[in-house]
Structures are given as structure tokens and as C-alpha cells.
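Student: I have a model open on my screen and would like to learn how to read a binding site. Could you walk me through it?

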Amino acid sequence: MDPLTLLDIPSLLRAEDRDIQSTVERYLADRVRPHVAEWFEAGALPREIAGELGRLGVLGMHLTGYGCAGASATAYGLACLELEAVDSGIRSFVSVQGSLSMFSIWKYGSEEQKREWLPRLASGEAIGCFGLTEPDFGSNPSGMRTRAVRQGGDWVLNGTKMWITNGGWADVATVWANTDDGVRGFLVPRGTPGFSTRDIKGKLSMRASVTSELVLEDVRLPESARLPLATSLGAPLSCLNEARFGIVFGAVGAALDSFRVARDYAGTRVQFDKPIAAFQLTQRKLASMSLAVGNGMLLALHLAGLKERGVLRPEQISAGKLNNVESAIAVAREARTIFGANGISLEYSPLRHANNLESVLTYEGTSEIHALALGHALTGIPAYR
Ligand code: TGC
Ligand code: FAD
């Protein structure tokens, strides 16, 4: 049995959401799971995956119109769970494409920008990225140095963005820059003179994912490249809410997969003439992991319900991200111990998940930032600065 069946969680799900989850799970089992450890080792993700995920309908699946599926928040969350049960890098690709690149255009773009980009991004024909973080400004994006200056009717952008998922692949980058009037967003198509990317190598985490630096040197863009409805730092921060919501479910997926493979291994690995699953200490580990997965899933479903009713608040997403990512990394590490030495090989997923979750702990707001967001909500006192 697994932790979700133990609590009868599938009975809480609508049939249509479960169907979407099963479709995603089947695709991944067939096309991604058998290869993902290899991709992680090689530090590469095959680009064809974008078109396949587009055909599967998961890119921007929670958005409406322009080729997007208009699925429920719960279905989007369950898809993220299945994606991250395979590898956080695959979920990251989908999060950035749908929740950051596409959402920024869907929410803040002009009709023309939406028509130009959303259908191609939804199908995976085009890839998008979202550049907020800079080398010197991560947790504190308000200090960003990337500048956009008006020159005649155009904008000229200069600056550097760092740690950008999908950056080297992107056909269009949503770039956030400071202007004389505050933060604004710009769509920078690949090939624009002065715009270049450099992939970051040597990662010990999130290896099945493209992570890049974006360099903007006198990049000249027309006014029509600016996202017209984005008028402050609140715009990029609101996009983060969408991606953070997906992570609340995704983290449960990484923990669930770690639990499942550890439980199976414990049932077959014999020491002292018994399967190690027969030792009380192993059962205690499985019981604790199961509680963490079940609690994380109930929290995720509760937040999805709030999102579907349109009442989900940012601090509630912070609670979900902080709780579920911290508990997933603890589950993955505990699961790893059940494999003994075998647990450090790529053959078994828990240490790969734990390593990936180091990135998830940091990106989309570090655990410390989400703890401070909760502290702010609980006390009324912001303690970020
Ligand atoms: P502060 O003054 O608090 O806020 C500025 C304006 O933004 C509004 N706001 C939000 N709006 C919507 N949703 C949220 N979550 C919001 N948080 C803040 C706020 O109301 C205000 O609006 P207004 O109208 O009054 O101007 O800003 P601050 O500078 O004090 O910073 C607050 C803080 C620390 C919470 C914020 O800077 C923050 O969230 N920092 C973390 C940065 C971060 O998460 N970066 C992520 C980069 S993208 C990424 O990591 C992608 S990885 C994806 C993948 O591969 O899967
Ligand atoms: P810093 O902000 O320098 O933080 C360092 C440490 O100081 C952390 O522990 C932090 O919690 C702590 N700290 C900072 N401020 C405070 C405070 N006020 N109180 C207490 N502690 C504090 N960014 C994008 O824009 N787009 C992307 O697509 C993207 N993809 C990423 C993919 C990967 C694999 C990774 C690892 C990162 C990605 N990021 C992306 C960047 C990510 O959002 C940042 O790494 C994150 O916001 C933290 O910023 P930083 O790394 O500069 O750390």
C-alpha cells in the first residue's frame, strides 16, 4: 500500500482530474521514467520533450484560451505531482513554461502578444523562460540592476539574469527590468541583437534541466515588446504564486516516489535472514515517510480547493511550499538510507530527488523567505529587511 491509498486520498479527487493524472502518469512511465537517470547523469534534457509535453496538453494547462487546456487547479497540481515523481527537472520545465513564461504573457500581455506566443508555447513548438533573478539580486529582486531606458519610441535593455530555467532553449524570454517608473516586463525573442545566453554547467542538482545566464547588451525592443499590464514588482511576484502552487504538489510527487521505491526495496533486501522491511526501525521510517506524504497531499489538495474558489492567498502558498519541500527532502533522504550503499547510485531515485530538491528548496523563494512570509502573516510585521 502507499501513503495516498492508506488515507483513501484518491476518493477525494474528481474523476476528470484523476483521468488527467493517469494520462500524464502513463506518458511519463513510457517516455521519460526509463531514461531520466541517464539524462540526469549526462546533465541534459532532450529538446523533443517540449513537443511531447505540449501534445500531452500540460503546458499552460491551467490557463484558458489561446490553445491552453483550461484544466482545474487540482488537475494542474496532480500533473505536477506526476512530473516531479519522475524528476524535478521535468516539472521545472513545465512550471517555467506554463506558470512563468505563459502566465506572464496571459496575465500581463497585449492581445497581440498573447496571439503571437501562447498557442506556440502551449504546443511546445516554442519554449519560454522567465528572467527575474540576477547575480547580485536573488531573494531581493526589488534591487535588480537590469535597466530598460526609453530611446525615442524604443526601449534599450542592459543587464544580466542568472539561474534561468529553460534560458538556453528559450524562443522568448520574459525579462524583468527597472525603469524610471518602476519594474516592467519585456518579451525578448531569441536572436534579438545584443541578447545572448550561456548554459550553467557543473550542477549537482537539477541536472535534467537547462539552467542559463541571460545577457542583455544594448538590446533594443519596440514598445510592443513591453507587457502593457505589468506596472510594478507585484507583476513578476504574482507569476511566482502560480509556479509555487505547482511545487506544492510536485514536492509530494518526489516524496511519494522515494517512499514507493524504498518500500519495494525493503521488501526484497534480506539481512540477518529477513527482509529489512520486517525490522521495526525500517517500519518506523516507512510510517514517518507515509505521514509526511499524506499530510503534504492533504495540504496541497486544500490549497487547490482554495485556488479553484479564487481565494488562495500568497501566504497560504508559502505555507504549502515551505512545508512540502522541506518534508519531501527529509523523506527522500530517509528513503535513501533504506538502500544502504545502493542508495548512492543513480539506479535508485531517492538521492536524485533529494539533490534536485536542494534547488527546489532555494528557487521560487527560499525556505527562509517563505518562513518570513508566514512570520509576516502571523505577526503583521515584515522582517525581510
Ligand atoms: P514587497 O514590497 O513585499 O512587494 C512588492 C509588491 O509585490 C506585491 N507582492 C505580491 N503580489 C503577488 N504575489 C506575491 N506573492 C507577492 N509578494 C509581494 C506586494 O503586495 C507589493 O505590491 P504593491 O502593489 O504594494 O507594490 O516587496 P519586497 O521587495 O519587500 O519583497 C518581498 C519578498 C521578499 C517576499 C519578495 O521579494 C520575494 O518573493 N522574494 C523571493 C524571490 C523569488 O522567489 N524569486 C524567484 C525567481 S523565479 C524562479 O525561481 C523560478 S525557478 C522555477 C523552476 O525552475 O521551476
Ligand atoms: P540569496 O538571495 O543570495 O540567498 C542566500 C541565502 O540567504 C539563502 O539561504 C536565503 O534564504 C538567505 N536570505 C536572503 N535574504 C534573507 C533574509 N531577508 N532573511 C533571511 N535569510 C535570507 N530565477 C529566475 O528568475 N528564473 C528561473 O527560471 C530560475 N530558475 C532557477 C533554477 C535553479 C536550478 C535554481 C537553483 C535557481 C533558479 N532561479 C531562477 C533563481 C532562484 O530563484 C534564486 O536562486 C532564489 O530566489 C534565491 O536567490 P539567490 O540564489 O541569489 O540566494
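Student: Which residues around ligand 1 come nearest?

Tutor: A residue counts as near if one of its heavy atoms lies within 4 Å of the molecule. Here 24 residues surround ligand 1, and Ser-92, Asn-241, Arg-244, Gly-365 and Arg-385 come nearest. This is a predicted model, where local features need pLDDT of at least 70, side-chain atom pairs count only at pLDDT 80 or more, and totals for chains, interfaces and linings use all residues. Residues are numbered from 1 along each chain as written, chains are lettered from A and ligands numbered from 1 in written order, and side-chain values use heavy atoms, leaving out hydrogens and water.

Student: Which helix supplies the largest share of the shell around ligand 1?

Tutor: Helices are DSSP runs (H or I, at least four residues), numbered from the N terminus. H8 gives 6 residues, the largest share; helix H6 (88-108) and helix H8 (234-268) each supply at least two.

Student: What polar atoms lie by the oxygen atoms of ligand 1?

Tutor: Look for pairs of N or O atoms within 3.5 Å. A polar side-chain atom of Arg-385 is 2.8 Å from a ligand 1 oxygen, and one of Thr-165 is 2.9 Å from a ligand 1 oxygen. Glu-364 uses a polar backbone atom, 2.9 Å from an oxygen of ligand 1.

Student: How much of the accessible area of ligand 1 does the protein cover?

Tutor: Accessible areas come from the Shrake-Rupley method with a 1.4 Å probe. Alone, ligand 1 has 1,100 Å², and the protein covers 70% of that.

Conventions
A polar contact is a pair of N or O atoms within 3.5 Å; within protein, one must be able to donate a hydrogen and the other to accept it, and residues adjacent in sequence count only if both atoms are side-chain atoms.
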